[in-house]
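Student: Please give me a close look at a single chain, from its own build to its contacts with the other chains. I am new to this structure and would welcome one connected account.

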Amino acid sequence: MAQFETVIGLEVHAQLDTDSKIFATSAVASGDNPNSHTDPVTLGLPGCLPVLNKRVVDFAIKAGLATNCSIEKESVFARKHYHYPDLPKGYQISQYDKPICLGGYLDVKTDEGVKKIGITRIHLEEDAGKSTHLETEDSSLVDLNRAGIPLVEIVSEPDMRTPQEAGAYMRQLRQIVKYLGICDGDMEKGNLRCDVNVSVRPVGQEEFGTKVEVKNVNSFRFVERAIEYEQQRQIAQIEQGEEIVQETRLWDEQRGSTKPMRSKEFAEDYRYFPDPDLPPVIVDELWVKKVKESLPELPDQVIARFKDIYQLEEYQAERLTEEKIVANYFDKAVSRHNNPPVIANWICTELFGRLNKEGIEFEECPVSPAYLAELVELIDKNVISGKIAKTVFDEMFQSGQDASSIVEKQGLKQITDTGEIENVVSEILAANPEQVEELKSGKEKVLGFFVGQVMKATKGKANPQMVNELIKKLTNG
Amino acid sequence: MTVQTINLSFLSTMSADKISKEQITKIARLARLKIDEQEAQDLEKDLGEILEYVGQLSEISTKGVKATSQVHSVENIFRSDIKKESLKTEEIEAIAPDFSGGGFRVPKVI
Amino acid sequence: MEALTKLSAAKMREGLVSGEFSAVELTEAHLNQIERSGAELNDFNSICNNEANEAAKIADKKLKEEKENCPTLTGIPVAVKDMLLTKGIRTTCSSKMLENFIPPYSATVVEKIEQNGGIVIGKTNHDEFGMGASSEHSIFGPVKNPWDHQRVPGGSSGGSAVAVAAGHAPLALSTDTGGSIRQPASFTGVVGLKPTYGRVSRYGVIAFASSLDQVGPHARTVDDTAILLEAISGRDEKDSTSIDLEVPSYFSNLQTAKKESLKGLRVGLPKEYFVDGLEADVEASIREAAKVLEEEGAELVDISLPHTSAALPVYYIIAPAEASSNLARYDGVRYGHRAENLKSLGELYERSRSEGFGDEVQRRILIGSYVLSAGYFDAFYNKALQVRTLIIDDFKSAFQNSCDVILAPVCPSTAFKIGELSNSPLKMYLQDVLTTPASLAGLPGISVPYSLDSKGLPIGVQLLAPHFGEEILLKVAERIERKASFDNTKFCKE
């Protein structure tokens with residue numbers, strides 16, 4: 001039996017985070033009453049004309065620069081024709097043979113190391129509306145709030161070979177658009193969507209197999225699962241001697257499978273032609289330069305900075321940069337108290353753990369970066385012990401109060417007065433003569449027992465190092 | 001084609017066998033028009049004539065000639081990203097053939 | 001006093017400002033004239049009785065207060081082609097598809113008319129979606145030519161031309177895609193100007209062919225044409241193809257130009273426009289008009305526009321292609337005609353569209369879809385775009401090297417009989433043979449009435465100028481008008 005290789009390409013649609021639509025003035029917003037963000041242009045009323053939102057072009061240039069694309073001097077909008085109730089004009093305004101960005105790549109981190117995934121093109125287009133099926137009757141309702149929201153479509157080369165690579169590429173792309181601030185990356189809401197092109201071929205074969213496009217893949221997990229399903233389906237079909245049909249299939253998340261989307265005998269013919277209502281977009285070097293200067297730091301740059309300047313480990317730098325908001329949090333905390341590794345640790349263990357446990361999004365984190373920094377500062381200044389710090393952190397998380405106030409109010413300050421600690425140690429030693437003997441005879445284990453007792457007596461406030469030293473001193477003497 | 005004169009006499013000598021009924025049916029389907037047998041028959045003749053007439057362009061050499069899709073060389077016409085008020089539901093409802101719960105009702109979308 | 005409906009808009013302005021008559025009286029007179037001959041001529045799809053009367057009252061108030069400081073069109077009736085959206089007033093496009101469509105917004109040009117104080121008196125009939133050269137293809141039936149009721153007024157803007165010729169309004173807004181202003185003007189003995197592409201906003205104008213459509217005036221005099229052109233021109237931020245170029249004072253500049261000689265003006269006569277099939281009377285009339293200009297000091301130059309005969313095939317590829325796209329939105333989902341007793345989405349589309357569009361519109365949608373479809377795109381559509389470049393280059397070279405304006409016939413013949421060309425779509429298309437070249441090049445063109453043929457039907461003269469050369473067009477057209485002394489007011493009062 002032949003070994004098969006899977007060839008994967010992704011078409012990612014990212015909704016751009018603008019205030020108004022790509023060619024119209026109604027608001028880009030979701031979750032409101034149906035058709036409450038419409039205008040004559042969005043509804044495709046007779047006589048309406050599109051006018052391009054300039055910010056959309058800036059965003060597309062950003063996307064292109066961040067994915068190493070060349071920004072094309074001239075790009076042209078074209079009309080793509082098909083009839084669907086959620087497509088108001090009977091055509092979608094898109095870019096066809098002259099897209100705004102061409103020929104880029106992403107260095108994607110996979111389990112097997114960094115892999116370069118080519119990006120064929122990035123083009124601008126308008127989103128369609130939504131139809132909702134009414135269960136009670138044989139009809140659907142069309143809502144055009146989403147119609148006309150700007151999209152960039154980022155088309156990859158067929159460079160991926162495993163579902164995991166595709167997942168990693170998708171995650172990295174999402175991270176980039178979020179860092180750029182051009183898309184919120186919310187896949188659940190459909191603000192970031194993915195169509196997957198999958199084909200299989202015997203290992204060693206040069207030419208690609210017949211590709212199948214899978215639509216409606218709306219999470220990272222589904223990207224991987226849809227590819228897994230498709231590669232199995234296609235291989236099984238080939239092994240049974242059947243041909244793969246070039247078609248569009250729909251991912252069915254309930255069943256975990258794909259199914260044909262359109263009847264095969266009806267071939268699409270989009271009849272593209274340049275939109276006569278829209279003059280070409282010319283992006284000169286100056287424009288590109290301006291956008292370049294306005295680019296925020298991208299994930300790879302932030303990782304490098306965290307490693308170089310803050311001396312973080314690779315894995316920690318990566319975890320802190322997965323989401324831009326976390327990286328910003330870390331930066332703010334470090335600017336308040338300069339102990340990057342310990343702050344990084346607190347974020348990655350205590351903060352993430354607690355948010356995770358409580359099911360709270362990082363956006364809603366109750367502990368501000370300044371407060372976390374202050375907490376670490378209190379440890380570093382020996383005001384509280386690391387152990388007490390965890391209690392303080394819990395309290396901060398609950399109440400949103402700052403660390404100093406909590407320490408103050410609850411009297412959690414570490415006892416660093418030698419006399420005070422010595423008194424407690426003496427009392428405990430006096431109460432446990434047997435253990436003192438054991439310690440003297442070299443049973444080091446008993447030291448832990450005494451430290452525990454002292455901490456218990458001081459409610460954890462004694463400086464553990466001092467306790468250690470004092471026990472040794474008093475039992476040796 | 002003779003580009004010197006407006007020749008109106010070609011009509012009588014034209015054969016209209018360029019576009020088939022099947023092609024017309026296919027195009028009608030793309031354009032979402034319902035064409036019955038008789039209409040397809042009539043269209044075969046009319047469209048055949050028209051397409052043969054416009055097809056005369058093939059005789060003009062256009063090697064290296066750029067295509068004009070807009071007559072003015074205007075570029076970069078933009079609007080600022082400013083949102084304005086939406087049409088009101090009543091205004092939309094007034095023009096809609098079938099409006100329900102704020103949406104345009106259509107036969108079931110598969 | 002002369003009948004109010006025979007007056008030019010310029011004269012109406014004088015009368016209104018001086019208080020000789022009121023806007024209410026003027027509107028009343030026009031509504032009465034519509035009452036008398038409108039039903040027979042069938043030039044209106046809707047008459048705005050109430051709205052016009054109300055607007056006239058407001059205009060009178062304004063005239064009383066501000067007199068000559070009122071905007072230029074204050075109190076003057078304007079007929080508007082039913083392809084231009086009028087908020088709150090039914091806009092049908094002469095199609096069953098939009099038979100009951102009351103738009104929630106107005107076209108920019110309609111807003112401009114209103115801002116200038118003009119009174120929208122009614123919506124004029126035309127060929128459905130602008131597709132035709134006879135104004136016969138309308139759900140409201142054919143428009144008749146006042147000069148001979150058996151004949152067509154030309155099209156597609158036949159209703160607007162007739163409204164002006166019949167004294168139903170001194171001014172009308174029309175659209176021209178391949179000759180739809182100029183040819184009806186010629187057939188009905190009025191003036192019609194198609195501005196440079198981009199001179200006037202297309203926002204709110206029901207699109208036929210986006211790269212060709214342009215709104216322009218119909219009027220009985222060149223002066224009035226200048227007044228209306230000035231009112232509607234200019235960049236509109238809602239139309240990306242409208243050009244940001246200062247609008248000259250067309251009317252007052254024309255008054256100055258009237259006093260100037262035509263010395264130094266080179267008038268090009270393109271040989272390709274004088275060909276087989278051109279009626280002898282038409283040719284004679286054009287040659288005579290040329291002579292008149294020569295007598296006024298102009299120099300006549302024989303020129304050649306070698307790709308002229310390619311224009312019609314190019315037009316009948318590009319226009320249907322764009323139309324098939326522009327008309328894809330009429331699907332019965334959001335507005336417009338929807339078929340009844342639907343069983344599926346497919347039926348919703350196919351039945352609504354086939355019921356809603358007339359035969360000619362469907363024919364053009366099919367042609368357009370065909371020339372854009374895979375396998376034919378390069379041979380038809382892209383080829384047409386290339387030949388379009390050659391046509392543009394012909395004009396460029398003529399205007400650069402040989403002449404300042406071009407003088408030519410508008411149409412090979414005068415008005416034909418209703419039904420005469422109905423059996424052959426292609427023969428109807430050939431009506432546009434002399435108007436489409438300028439449309440494809442985006443040039444301004446004007447048709448000005450010159451004389452009558454042996455059947456007593458009007459013959460118009462076509463003048464073309466380089467992009468944004470409207471002023472020279474008006475100047476030369478006015479000279480022809482002055483010398484021709486063509487009486488086009490005879491149907492303005494019955």
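Tutor: What follows is a close look at chain B, with some notes on other parts at the end.

This is a predicted model, in which local features need pLDDT of at least 70 and side-chain atom pairs count only at pLDDT 80 or more, while totals for chains, interfaces and linings use all residues. Residues are numbered from 1 along each chain as its sequence is written, and chains are lettered from A and ligands numbered from 1 in the order in which they are written. The predictor assigns the complex an ipTM of 0.96 and a pTM of 0.92. For chain C the average pLDDT (the predictor's confidence in each residue, from 0 to 100) is 97, and 99% of the residues score at least 70.

Chain B itself contains four helices and three strands. Here helices (H or I, at least four residues) and strands (E, at least two) are DSSP runs, numbered from the N terminus. Followed along the sequence, the elements of chain B give the pattern α-α-α-β-α-β-β. Chain B has 110 residues, and 27% of them count as buried. A residue is buried if 20 or more other C-beta atoms lie within 10 Å of its own, exposed if 12 or fewer, and partly exposed in between, with C-beta atoms placed from the backbone. Among the contacts in chain B with a separation of 6 or more, 50% are accounted for by residues 24 or more positions apart. Two residues are in contact if their C-beta atoms, placed from the backbone, lie within 7 Å.

Chain B touches chain C through 50 residues of chain B and 64 residues of chain C. On the side of chain B, the elements giving two or more residues are α2 (21-30), α3 (37-54), α4 and β3 of chain B. The largest share there, seven residues, is that of α3(B). Sorted by class, this side of chain B holds 31 nonpolar, ten polar and nine charged residues. In this scheme Ala, Val, Leu, Ile, Met, Phe, Trp, Tyr, Cys and Pro count as nonpolar, Asp, Glu, Lys and Arg as charged, and the others, Gly among them, as polar.

The contact with chain A takes 29 residues from chain B and 36 residues from chain A. Two or more residues come from each of β1 (78-79), α4 (89-95) and β3 (103-107) of chain B. Here β3(B) supplies the largest share, five residues. The classes on this side of chain B are eleven nonpolar, ten polar and eight charged residues.

Strand pairing also links chains A and B. Two strands pair if DSSP finds at least two bridges between them. Strand β1(B) pairs with strand β2 (residues 52-53) of chain A in the parallel sense, over two bridges. In this pair, Phe78(B) of β1(B) is the bridge partner of Leu52(A). The strand β3(B) belongs to an open sheet of four strands in the order β9(A)-β10(A)-β3(B)-β2(B), with antiparallel pairing. Its edges are β9 (130-134) of chain A and β2 (99-100) of chain B, each of which pairs on one side only. Within chain B, two bridges join the antiparallel strands β2(B) and β3(B), and Ser100(B) stands opposite Gly103(B) in β3(B).

Chain A has strand pairs of its own. Strand β1 (residues 4-15) of chain A runs antiparallel to strand β12 (residues 192-202) of chain A over eleven bridges, with Gly9(A) opposite Asn197(A) in β12(A). On β12(A), Val198(A) stands opposite Val212(A) in β13(A), and β12(A) and strand β13 (residues 212-217) of chain A pair in the antiparallel sense over four bridges.

Some backbone details in the other chains complete the account. Asn382(A) has phi near 60 degrees, a positive value in a residue other than glycine. Its place is the loop between α10 (369-380) and α11 (386-399) of chain A, and with 13 other C-beta atoms within 10 Å Asn382(A) is partly exposed. Asn42(C), also not a glycine, has a positive phi near 60 degrees and lies in the loop between α2 (23-41) and β1 (44-47) of chain C. With 22 other C-beta atoms within 10 Å, Asn42(C) is buried. Finally, Gly155(C) and Ser156(C) are joined by a cis peptide bond, with omega about 10 degrees. Ser156(C) sits in the loop between β3 (119-124) and α5 (158-165) of chain C.
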